[in-house]
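Here is a short report on one protein model. It covers the fold, helix packing and aromatic pairs.

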Amino acid sequence: MKKSESIAAFNSPFELGVRMVYLLTSLQPIGADLQKLVLLDYAIVYSDDLGGPPSLHTPVPYRGSEYLSRRDLIAQGLYLMSTRGLVAVTMDETGITYFAGDTARSMVGALTSPYLRELEGRCRWAAAMFATLSSRDMTERFAQQGHLWGAEFEGVNGRGHQWQ
C-alpha cells in the first residue's frame with residue numbers, strides 16, 4: 001500500500017483560496033488584480049498593523065516578508081477556487097481581474113465557524129478601507145506604516161515593478 005502524501009492545511013493554496021473567496025465577496029461588485037489581492041490578504045491577516053481591528057493571525061516578526069512569499073500561493077488558490085465556480089476571472093487590455101464567482105456568496109453564507117466569521121469581518125473592513133485604491137496607492141500607504149513594512153516594499157519597488 002502506498003503511503004499517502006500529507007496535505008498542508010495552513011498557508012496552502014486551499015486556505016489562501018478560501019480567504020480570496022471571502023475577500024472577493026466583500027469587494028463585490030468590483031474585483032481586483034493579483035497584486036491588489038496580495039496586499040489585501042496582508043491587510044485582512046494583520047489588520048492591526050494598518051489601524052484596523054485586531055489582527056486575524058498572531059503578529060510574527062518579519063511578517064512583511066509574507067507579502068512576497070504568499071503571492072504564488074494566492075495565485076494557486078485563485079485558480080483552485082475558479083475551477084469550482086467560487087472565483088470568476090476576466091482578462092482585458094488592463095490585465096487579469098478576479099471577481100467573486102456565482103457560488104461564492106453561498107459558500108460564505110454556509111460556513112459559520114468563529115474563525116470564518118472573523119475573516120468575513122476583516123474582509124468587509126479591508127474592502128471598505130482599500131477597495132477604491134489602486135495597487136500602487138496601497139503599496140505606498142502600507143510602506144508609510146513604518147519599520148514593519150519599509151524594507152520589504154522598498155525592495156520590491158526598487159526592482160522596477162510597475163503596479164496599477
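## A loop and its proline

Pro 29 sits in the loop that links α1 (13-27) to α2 (34-45). The peptide bond leading into this residue, from Gln 28 to Pro 29, is cis. Its omega is near 10°. The model is a predicted one.

## Overall make-up

The protein has 8 helices and 2 strands. Along the sequence, the pattern reads α-α-α-α-β-β-α-α-α-α. The protein counts 164 residues, and buried residues make up 45% of them. Now take the contacts in the protein with a separation of 6 or more: 65% of them join residues 24 or more positions apart.

## How α1 packs

Helix α1 can be followed through two packings, one with α2 and one with α6 (residues 114-130). Two packed helices are described by the angle between their axes and the distance between the axes. The table gives both values, with the residue classes of each contact.

| Helix pair | Axes come within | Crossing angle | Residue classes in the contact |
|---|---|---|---|
| α1 and α6 | 8 Å | roughly 50° | 9 nonpolar, 1 polar, 5 charged |
| α1 and α2 | 11 Å | roughly 95° | 9 nonpolar, no polar, 2 charged |

Start with α6. The axes of α1 and α6 cross at roughly 50°. That angle makes α1 oblique to α6. The crossing of α1 past α6 is right-handed. On the α1 side, the contact is made by Glu 15, Val 18, Arg 19, Tyr 22, Leu 23, Ser 26 and Leu 27. On the α6 side, it is made by Tyr 115, Leu 116, Arg 117, Leu 119, Glu 120, Cys 123, Arg 124 and Ala 127.

Now α2. The axes of α1 and α2 cross at roughly 95°. The two helices are therefore roughly perpendicular to each other. From α1, the residues in this contact are Leu 16, Arg 19, Met 20, Leu 23, Leu 24 and Leu 27. They meet Leu 37, Leu 40, Asp 41, Ile 44 and Val 45 in α2. Arg 19, Leu 23 and Leu 27 of α1 take part in both contacts.

## Leu 111, ahead of α6

Leu 111 has its place in the loop between α5 (104-110) and α6. Is Leu 111 buried, exposed or partly exposed? Its relative accessible area is 34%, so Leu 111 counts as partly exposed. Which residues does Leu 111 contact, leaving aside its neighbours within four places in sequence? They are Tyr 22, Leu 116 and Arg 117. Tyr 22, Leu 116 and Arg 117 also belong to the contact of α1 with α6.

## Aromatic pairs

A pair of aromatic rings is described by the distance of the centres and the angle of the planes. How many aromatic pairs does the structure hold? There are 2 aromatic pairs.

One joins Tyr 42 and Tyr 46. The ring centres are 4.9 Å apart, with 50° between the planes. This pair is tilted. Both Tyr 42 and Tyr 46 are buried.

The other joins Trp 125 and Phe 130. Here the centres are 5.7 Å apart, and the planes stand at 90°. This pair is edge-to-face. Trp 125 has a relative accessible area of 15%, so this residue is buried. Phe 130 is buried too, because its relative accessible area is 1%.

Methods:
Residues numbered from 1 in each chain as written. Predicted model: local features only at pLDDT ≥ 70, side-chain atom pairs only at ≥ 80, totals over all residues. Heavy atoms only, no water. Phe/Tyr/Trp six-rings, centres within 6.5 Å; stacked < 30°, edge-to-face > 60°. Buried < 20%, exposed > 50% of the residue type's maximum accessible area, 1.4 Å probe, protein only. Helix = DSSP H or I, 4+ residues; strand = E, 2+ residues; numbered from the N terminus. Axes fitted to C-alpha atoms, helices over the stretch in contact; angles between N-to-C directions. Parallel < 35°, antiparallel > 145°, perpendicular 65-115°, else oblique. Left-handed = near helix turned anticlockwise from the far one by under 90°. Contact = heavy atoms within 4.5 Å. Nonpolar A, V, L, I, M, F, W, Y, C, P; charged D, E, K, R; others polar.
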